Amino acid sequence: MTKRHVSLPAEADEGVTAFIEEVDERLSGDEDTCAVVQDVLVDLYGDREAYDRWQAGKPVSNAERVRLQGYDPCNATLESEYYAEKDEDRFERSKHLQWLWRQFDATPMADNVEFALRFRRMLADHLFDDCGENCRFFKGITFTYGHNISVGDNVVVHDDVHLDDRGKLTIGDRVSISDGVHVYSHDHDVVDQTEVHNYHTVIEDDARVTYDAMVRAGNRIGRNAVVGARGVVQSDVPAHHIAVGMPAKSIKVKPGWEDVAAPVEGANENRQAERRIEYDLDDGIDAFDEFDRDLSPPN
């Protein structure tokens, strides 16, 4: 075992626990999520005096006003907000929770590992479609929506990981995702990049995706498999295989698992099409092409 138990001093632990339980209780209750997020951020950033002064109608500078308005997630937009096919009802709440997650990560308290892991774990219960026990989420993790992610027990996701759930993302038990990994569940048409295809991407139990790797949408990383550093997964990785490279290819089976693993020869089948998620756009949606290009082939 390479880790040891670490704990906060009793008084600090008491304060952390009380704060997290208070936020958890408020997010679980009948309060408007947007209002809860705003209130929590005002206090986390130590801006209560300025906020109350602004609310009382007293003068504030333009910079102060922008800062104070920014604690309210309803006054912000996220990139995923512009996606035409998103579920508007589910996104409204997940946007507010994403805003709290991201703004918390920008505070000095996000570097207090014991506090931050517990706080993000609590938020994941509200944001994700499902989140198991004893998960650890480190700093700088981003999502598309959050509500299309399911995570098993004892999962660890390290710094600066992007979990794209524009389609659907399922992560099994005891999965380890290292720093800088990008896991996608959507792809773009090669001719018209505004045409988006969504997929179900799966990382099965006990798999490990090592640093700076990328998992393309619609692929499955099998149980107990390993994706090597900076590998680019463009096809399925069978259970117990070690896959490396660009594109990632199986090079061996984990020692001891040879009798139950599929052979390396002929592995890495692309089954992306089987995991495509179809969607319909709402009638009357105000859609637009941000590139405004003519895609007609040349004569």
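**Exercise 1. Charges over rings**

Which residue lies over the face of Tyr-83, and at what distance from the ring centre?

*Solution.* Keep in mind that this is a predicted model. Start at the Tyr-83 ring: Arg-166 lies over its face, 3.5 Å from the ring centre. Then try Phe-91. Here the charged end of Lys-86 sits over the ring, and the distance to the centre is 5.4 Å.

**Exercise 2. Get the overall picture**

Work out how many helices and strands the protein chain has, and what share of its residues is buried.

*Solution.* Step one: the secondary structure comes to six helices and 19 strands. Step two: of the 299 residues in the protein chain, 45% are buried. Step three: for the extent, the C-alpha atoms fill a box of roughly 70 × 65 × 30 Å along the principal axes. Step four: take the contacts between residues at least 6 apart in sequence; 38% of these join residues at least 24 apart.

**Exercise 3. Sort out the phenylalanines**

Classify the ring pairs Phe-104/Phe-119 and Phe-115/Phe-119, then say which cluster they belong to.

*Solution.* Two numbers do the job here: a pair of aromatic rings is described by the distance of the centres and the angle of the planes. The structure has 13 aromatic pairs by the rule used.

Take Phe-104 and Phe-119 to begin with. Their centres are 4.4 Å apart and the planes make 35°, a tilted pair. This pair links distant parts of the chain, with Phe-104 in helix α5 (residues 88–105) and Phe-119 in helix α6 (residues 113–127), 15 residues apart. Phe-104 and Phe-119 are both buried.

Now Phe-115 and Phe-119. The centres are 6.1 Å apart and the planes meet at 65°, so this one is edge-to-face; the cut-off you need is over 60 degrees. Phe-115 and Phe-119 both lie in helix α6, four residues apart, about one turn of the helix. Phe-115 is buried, as is Phe-119.

Put it together: Phe-19, Phe-104, Phe-115 and Phe-119 make up one aromatic cluster.

**Exercise 4. Bonded or not?**

Find the disulfide, and explain why Cys-135 is not bonded to Cys-131.

*Solution.* There is one disulfide in the structure. It joins Cys-34 to Cys-74, with an S to S distance of 2.5 Å. The two ends come from distant parts of the chain: Cys-34 is in helix α2 (residues 33–44), Cys-74 is in the loop between α4 (62–69) and α5, and they are 40 residues apart. Next, check accessibility. Cys-34 has 6% relative accessibility, so it counts as buried; Cys-74 has 47%, so it counts as partly exposed.

That leaves the Cys-131 and Cys-135 question. Cys-131 is in no disulfide, and its nearest cysteine sulfur is that of Cys-135, 4.0 Å away. Seen from Cys-135, the closest cysteine sulfur is in Cys-131, and 4.0 Å is too far for a bond. Both are buried because their relative accessibility is 10% for Cys-131 and 5% for Cys-135.

**Exercise 5. Follow strand β7**

Which β7 side chains are buried, and which strands pair with β7?

*Solution.* In a regular strand the side chains alternate between the two faces of the sheet. Strand β7 (residues 168–171) shows this: Leu-169 and Ile-171 point to one face and are buried, while Lys-168 and Thr-170 point to the other and are not.

For the neighbours, start with strand β4 (residues 149–151), which pairs with β7 in the parallel sense over three bridges. Val-151 is the residue opposite Ile-171. Then move to strand β11 (residues 196–203): it runs parallel to β7 and is joined to it by four bridges. In β11, Val-202 is the bridge partner of Thr-170.

**Exercise 6. Walk the open sheet to Ser-250**

Give the strand order of the seven-strand open sheet, then describe the surroundings of Ser-250.

*Solution.* The order is β2-β5-β8-β12-β15-β17-β18, with mixed pairing. Strands β2 (136–137) and β18 are the edges, each pairing on one side only. Inside the order, strand β8 (residues 176–177) runs parallel to strand β12 (residues 208–209), joined by two bridges, and Ser-176 stands opposite Arg-208 in β12.

Ser-250 lies in strand β18 (residues 249–253). With a relative accessible area of 9%, Ser-250 is buried. Its side chain makes a polar contact of 2.9 Å with the side chain of His-241. Leaving out residues up to four places away in sequence, Ser-250 touches residues including Pro-238, Ile-242, Val-264 and Asn-268.

Technical notes
Residues numbered from 1 in each chain as written. Predicted model: local features only at pLDDT ≥ 70, side-chain atom pairs only at ≥ 80, totals over all residues. Heavy atoms only, no water. Phe/Tyr/Trp six-rings, centres within 6.5 Å; stacked < 30°, edge-to-face > 60°. Buried < 20%, exposed > 50% of the residue type's maximum accessible area, 1.4 Å probe, protein only. Lys NZ or Arg CZ within 6 Å of the ring centre and 35° of its normal. Disulfide = S-S within 2.5 Å. Polar contact = N/O pair within 3.5 Å; in protein donor to acceptor, adjacent residues only side chain to side chain. Contact = heavy atoms within 4.5 Å. Pairing = 2+ DSSP bridges.
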